[in-house]
Amino acid sequence: MSGLSNARVIVAGAGAFGSTVALRLAQAGASVVLADPRLEGSGAGCGASGVAAGMLAPAFEVLLDPETGLSFDLLRDGRDLWSGLADRLRGGPIGLSRAGAVWLDLPGLEPRAEAIAAGMDSIGARRAPPPLAALRLVSAEAISGAAVFTPEDWRLGPRAALTVLHSALIEAGGQIAGQGVITFEGGQARLSGGGTVAADHLVVAAGAEGAGLAPELADLVPIKGQILKYPDLIIPPGTPALRCVGGYAVGGADGLCVGATMEAGRRDLEIDAAVAGRLRALAERLYPEAAGMTPVAQAGVRAASRDGRPMIGPSAAPGVWLAAGARRNGWLLGPLVAEIIASYLAGRDPGPHATPLEPGRFAAAES
């Protein structure tokens, strides 16, 4: 890609956005350093991206999180880019599943299947009869009510994906630094360990933790999410994700994930026993095999902008670019964000999906 072969870039934050951006730039010929203090030692899966369930869910994200105003077309295009990226990642499998997702009206809870089906039709998402044969581990009670299936929603294994992305980055000539970026000015990034890295560009993908690196990030709101993971409950390939009132359950070779909360304004990582108990009850209601198993409770902190859409593009700070504010869609939008940032840095048209994600939209609205 023109304009990147001689570029020196440091990417702050090694979650879904930062890791996909760093790899894309390195493969385009840029000299890339991916910096994150959680990369020290065995922390490749740390942060909200590692705690996440790895949903690539354009249909249900539009229907269940409409606050962002993100279009189905944008989210679907982001999902589709994972196919090509997964094919190019030679460092190992990332657990990519195209098994779809099914909404279940559980007995005794608010029936929503009819509204979900109408919503699917209104946004142009495909739907089909639920694949009951693929739900053989799911309780008979859970599949006894109305259900809506869509093949649009996929999933990957977050920790496996991070490990493979980082390995691919190194193979492409990139570097990894287990330190944070403290400041960036005059073509120098100062790291938390005291050293510096010469760079033409800084890409901030550290969410709310990067607020000191770009003025736009001061408005990001932290959102705590709690999730349960059952590493010993292996979900057979081809099993769709389950959605219902009260949460979701999804998994694969890395076990079952059940979640998740959206606790705006909280940045602590404490596990709430009441939340864990509620999620455990949901897991056992959907998957009877979970009863008697001891899950691992985890918490991560996402970041969201005031309108819920990510900030992708140039900052007002010189030489700084933003890839932050993923909210619930870090994994879903990772490759698309990488393409947009790579186009910006190469001096090319970033494409039609860049406009609703421009960081300057807030300043423009206030002027």
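## Exercises on strands, helices and loops

Arg243 stands opposite Tyr248 in strand 14, and this pair is a starting point for the exercises below, which concern a predicted model.

**Exercise 1.** Work out which strands pair with strand 13, and in which sense each pairing runs.

*Solution.* Begin with the general idea that strands of a sheet pair through backbone hydrogen bonds, either parallel or antiparallel. Strand 13, which covers residues 241–244, is joined by 3 bridges to strand 4 (residues 101–104), and these two run parallel. Within this pairing, Trp103 has Arg243 as its bridge partner in strand 13. Next, turn to strand 14 (residues 247–252), which pairs with strand 13 over 3 bridges in the antiparallel sense; here Arg243 stands opposite Tyr248. Finally, look at the hairpin that strand 13 and strand 14 form, where 2 residues lie between the strands and Gly246 takes a positive phi near 105 degrees.

**Exercise 2.** Determine which way the residues of strand 13 point, and whether they are buried or exposed.

*Solution.* In a regular strand the side chains alternate between the two faces of the sheet. Following this idea along strand 13, one finds that Ala241 and Arg243 point one way, while Leu242 and Cys244 point the other way. As for accessibility, all four of these residues are buried.

**Exercise 3.** Describe how helix 1 packs against helix 6, and decide whether the two are roughly parallel or roughly antiparallel.

*Solution.* Two packed helices are described by the angle between their axes and the distance between the axes. For helix 1 (residues 16–27) and helix 6 (residues 158–171), the angle is about 25 degrees and the axes are 9 Å apart. Helix 1 is therefore roughly parallel to helix 6, since angles under 35 degrees count as roughly parallel. The crossing of these two helices is left-handed. To see what lies between them, note that residues of helix 1 including Ala16, Leu23 and Ala26 meet residues of helix 6, among them Leu162, Leu165 and His166. The residues of this contact divide into 8 nonpolar, 3 polar and no charged.

**Exercise 4.** Find which strands stand at the edges of the open sheet with the order 8-9-10.

*Solution.* This open sheet has 3 strands with antiparallel pairing. Strand 8 (181–185) and strand 10 (196–198) each have a single partner strand, so they stand at the edges, and one side of each is left without a neighbour in the sheet. Neighbouring strands of this sheet are turned by 20 degrees against each other on average, with direction ignored. Strand 9 (residues 188–191) is joined to strand 10 by 3 bridges, and the bridge partner of Arg190 in strand 10 is Thr196.

**Exercise 5.** Locate the loops that hold Ala260, Arg327 and Leu109, and describe each residue in turn.

*Solution.* Most residues other than glycine have a negative phi, and most peptide bonds are trans. Ala260 lies in the loop between strand 15 (255–259) and strand 16 (263–264), and a cis peptide bond with omega of about -15 degrees joins Gly259 to Ala260. Arg327, in the loop between strand 19 (320–324) and helix 8 (330–345), has a positive phi of about 60 degrees although it is not a glycine; with a relative accessible area of 16%, Arg327 is buried. Leu109 sits in the loop between strand 4 and helix 5 (113–123), and at 33% relative accessibility Leu109 counts as partly exposed. Leaving aside its neighbours within four places in sequence, Leu109 is in contact with Val245 and Arg285.

Conventions
Residues numbered from 1 in each chain as written. Predicted model: local features only at pLDDT ≥ 70, side-chain atom pairs only at ≥ 80, totals over all residues. Heavy atoms only, no water. Axes fitted to C-alpha atoms, helices over the stretch in contact; angles between N-to-C directions. Helix = DSSP H or I, 4+ residues; strand = E, 2+ residues; numbered from the N terminus. Parallel < 35°, antiparallel > 145°, perpendicular 65-115°, else oblique. Left-handed = near helix turned anticlockwise from the far one by under 90°. Contact = heavy atoms within 4.5 Å. Nonpolar A, V, L, I, M, F, W, Y, C, P; charged D, E, K, R; others polar. Buried < 20%, exposed > 50% of the residue type's maximum accessible area, 1.4 Å probe, protein only. Pairing = 2+ DSSP bridges.
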